[in-house]
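Biologist: Hey, I'm new to this one. Can you pull it up and walk me through it?

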Amino acid sequence: MTSAVSFQKVSRHFGSVRAVDTVDLDIVPGEFFAMLGPSGSGKTTCLRLIAGFEQPTAGSISIFGERAEGVPPYRRNVNTVFQDYALFPHLDVLDNVAYGLMVKGVGKPERRKAAEEALSLVRLPGYGARRPGQLSGGQRQRVALARALVNQPKVLLLDEPLGALDLKLRENMQEELKSLQKALGITFVFVTHDQGEALSMADRVAVFNDGKIMQVGTPEDIYQRPRTRFVADFVGSSNVLPPDFVQRYSGQHRWGSLRPESIRVGRAAKGDGVAARLVSANYLGATTRLALDADGLRLHAIVPAGSKLPREGEAVTLTFNREHLHLMDETA
Amino acid sequence: MTIAALNSNPAPAILPGSGGLRGALSDLLWRKPSLLLLLMLLPPILWLGIVYIGSLFALLLQSFFSIDEFSGLINREFTLKTYGDLLQAANLDIILRTVTMAALVTLASAVIAFPIAYYATRYARGRWKALFYLGVMLPLWSSYLVKIYAWKLILAKEGILTWLLAKLHLLWLLDAWLSLPIVGGNSLSVSYTGTFIVFVYVWLPFMILPVQAALERVPGNLVEASSDLGASPGQTFRNVLFPLALPGIVAGSIFTFSLTLGDYIIPQIIGTSRLFIGQAVYSQQGTAGNIPLAAAFTVVPIVIMGFYLWGAKRMGAFDAL
């Protein structure tokens with residue numbers, strides 16, 4: 001099966017900055033693919049390479065089997081939902097949505113009908129006559145989505161589309177985007193720096209750092225079995241354990257990761273637990289996050305709200321199930 | 001300073017007033033911001049209201065008086081006779097000539113200004129942007145008359161342009177253009193073409209700057225979005241860039257159009273002996289001493305600009321402001 005998007009040793013350099021550095025990537029048709037990473041990690045540049053706004057310095061890109069280098073954005077059947085939506089301020093909502101059909105020469109009645117349908121799809125029927133300036137952030141986001149989907153793209157690119165929305169709206173949109181993608185079956189490529197968003201929505205996630213892909217896998221893979229310290233730390237703020245510490249519990253001299261929720265905090269006692277001291281406790285509602293100091297090693301544990309907590313500075317013993325200690329690829 | 005020192009400020013929570021007239025005045029203006037606004041706006045409102053609008057009104061009044069053709073004295077009785085004189089064929093000719101010139105100058109300025117403004121907005125950065133502003137503004141810093149006389153030398157029959165074209169063996173091109181009716185003449189400096197070139201040169205900065213300001217406010221990602229949705233560069237220009245730059249083009253055209261309508265120096269120094277509105281006003285109020293007709297001539301550009309602005313508003317040129 002041909003990939004929806006395929007990168008072969010793709011690099012994009014801006015002067016001496018390697019925004020994207022020999023990236024190999026295969027996106028399966030019909031999947032919801034997330035590109036996750038901190039700002040400046042190259043994920044947005046990768047998206048722009050697919051859209052055609054950037055051209056690779058080296059390597060080759062193909063979209064559904066066809067070579068895309070040198071092809072301008074307007075000849076790619078790929079559409080983008082921009083971070084700040086990029087709606088045309090001088091056109092009303094309906095003309096914004098119908099824009100792609102208009103430039104392709106679709107007749108006025110036909111494109112208006114298609115635009116109306118696309119607006120219903122994003123649950124904004126009857127908003128066609130308004131100007132983008134009269135809409136809320138969430139509504140603009142839906143219009144941007146409708147404007148892209150009306151062209152029936154082979155790949156839909158979303159550049160941090162939920163970044164500007166407030167928490168409640170963001171959670172709603174996450175669910176909606178996910179179900180929309182399931183219903184349409186269009187390949188979605190989603191760029192985000194929010195690991196929760198990537199994990200909850202995507203079928204597969206690529207974690208970016210410094211222009212390189214650190215790891216590609218299902219959300220569970222990425223979360224449970226990070227391959228490098230960076231992935232463990234960036235995805236869900238795992239406890240990263242140095243090789244000397246890990247060797248004591250697994251016998252292998254490798255970096256390890258331990259999820260905060262896998263650590264149990266008990267009274268100071270003798271035994272094979274880790275002796276530690278409570279530094280601080282942050283109440284988070286459903287859970288409480290504890291910062292602990294184990295002989296100079298800073299660890300975090302998450303305990304359910306309502307558990308009996310030790311006082312700050314009190315000595316405690318940490319225990320964990322050894323199966324939960326994940327060994328990473330890095331040895332030093 | 002230690003951390004503890006940051007929390008040992010001996011001052012009270014509410015500071016005492018600074019006292020004196022200045023302190024009282026500051027407090028008063030802070031409490032009544034509208035008073036401050038009034039104080040700031042009063043001088044310009046007086047200036048605009050009395051000096052500017054007042055003189056315009058006096059002018060308008062003059063145009064409804066008439067001149068006694070035998071004595072040359074102004075008859076201060078309300079009449080439309082002067083406007084009747086304005087509609088004579090010779091005067092209509094002057095109006096038509098001026099409006100046509102203003103329209104062509106505006107069109108040419110817009111066509112030349114757009115690429116320059118676009119380059120300055122999208123590509124020029126740092127030093128190049130400074131160079132752009134310098135290049136656009138520099139001509140405005142030198143005297144208007146000096147520039148026009150310089151152009152007279154450039155365009156004259158013995159001038160540098162003729163010399164250059166001769167060196168390039170392109171003199172036939174110039175001769176062919178000059179042999180055309182209306183736009184031609186003995187040399188460029190005594191033809192409408194010469195007047196047109198100098199008008200465009202002199203008013204071009206007034207078009208470039210507003211267009212650049214308008215383009216500056218168009219987010220770059222709108223161009224990307226258009227291209228992403230399948231629009232070729234030409235379609236993006238027609239459907240996105242041009243409509244969004246239109247307020248700037250209209251603002252610039254108000255300058256180029258109205259400045260050309262009113263100018264009386266350029267056509268006098270460079271061009272044919274036929275009059276433009278500005279020259280007609282100058283000669284009517286000066287040598288002819290016919291102030292009412294001069295006033296009526298002055299009303300013409302005002303009315304034309306009124307219609308122009310009304311049309312621009314109807315076109316939606318100010319919607320995106």
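What follows is a chat about chain B, two of its helix pairs, the contact between the chains and a couple of loop residues.

Modeller: Before we start, this is a predicted model: local features need pLDDT of at least 70 and side-chain atom pairs count only at pLDDT 80 or more, while totals for chains, interfaces and linings use all residues. Residues are numbered from 1 along each chain as its sequence is written, with chains lettered from A and ligands numbered from 1 in the order in which they are written.

Biologist: Okay, chain B to begin with. How many helices and strands are there in chain B?

Modeller: Chain B has 14 helices and 2 strands. Those are DSSP runs numbered from the N terminus, H or I of at least four residues for helices and E of at least two for strands.

Biologist: And is chain B a compact globule or more spread out?

Modeller: More spread out: its radius of gyration is 27 Å, well over the 20 Å that the globule rule gives for 321 residues. The radius is taken over C-alpha atoms, and the rule is 2.2 Å times the number of residues to the power 0.38. Along the principal axes, the C-alpha atoms of chain B fill a box of roughly 90 × 60 × 40 Å.

Biologist: What share of chain B is buried?

Modeller: 31% of its 321 residues. Buried takes 20 or more other C-beta atoms within 10 Å of a residue's own, exposed is 12 or fewer, and partly exposed is in between, with C-beta atoms placed from the backbone.

Biologist: Let's do helices. At what angle do α13 and α14 of chain B cross?

Modeller: Roughly 160°, and the axes of α13(B) (residues 277-285) and α14(B) (residues 291-314) come within 8 Å. Axes are lines fitted to C-alpha atoms, for helices over the stretch in contact, and angles run from 0 to 180 degrees between N-to-C directions. The two helices are therefore roughly antiparallel to each other, a label for angles over 145 degrees (under 35 is roughly parallel, 65 to 115 roughly perpendicular, the rest oblique).

Biologist: Which residues of α13(B) meet α14(B)?

Modeller: B:I277, B:A280, B:V281, B:Q284 and B:Q285, and among their partners in α14(B) are B:F297 and B:P301. Contact is when the C-beta atoms of two residues, placed from the backbone, lie within 7 Å. By class, that contact has 9 nonpolar, 3 polar and no charged residues. Nonpolar covers Ala, Val, Leu, Ile, Met, Phe, Trp, Tyr, Cys and Pro, charged is Asp, Glu, Lys and Arg, and the others, Gly among them, are polar.

Biologist: How about α5 and α9 of chain B: what angle do they pack at?

Modeller: About 145°, with the axes of α5(B) (residues 127-141) and α9(B) (residues 192-216) 9 Å apart. B:V136, B:M137, B:P139 and B:L140 meet B:P205, B:I208 and B:L209, so to speak in classes, 7 nonpolar, no polar and no charged residues.

Biologist: Switching topic: how many residues of chain A are in contact with chain B?

Modeller: 16 residues of chain A, against 17 of chain B. On the chain A side, β6 (78-81) and α2 (93-103) each supply at least two residues, and α2(A) gives the most, with 3. That side divides into 10 nonpolar, 5 polar and 1 charged.

Biologist: Last one. Where does A:R123 lie?

Modeller: A:R123 is in the loop between α3 (108-121) and α4 (137-149) of chain A. Its phi is positive, about 60°, although it is not a glycine. A:R123 counts as exposed, with 12 C-beta neighbours inside 10 Å.
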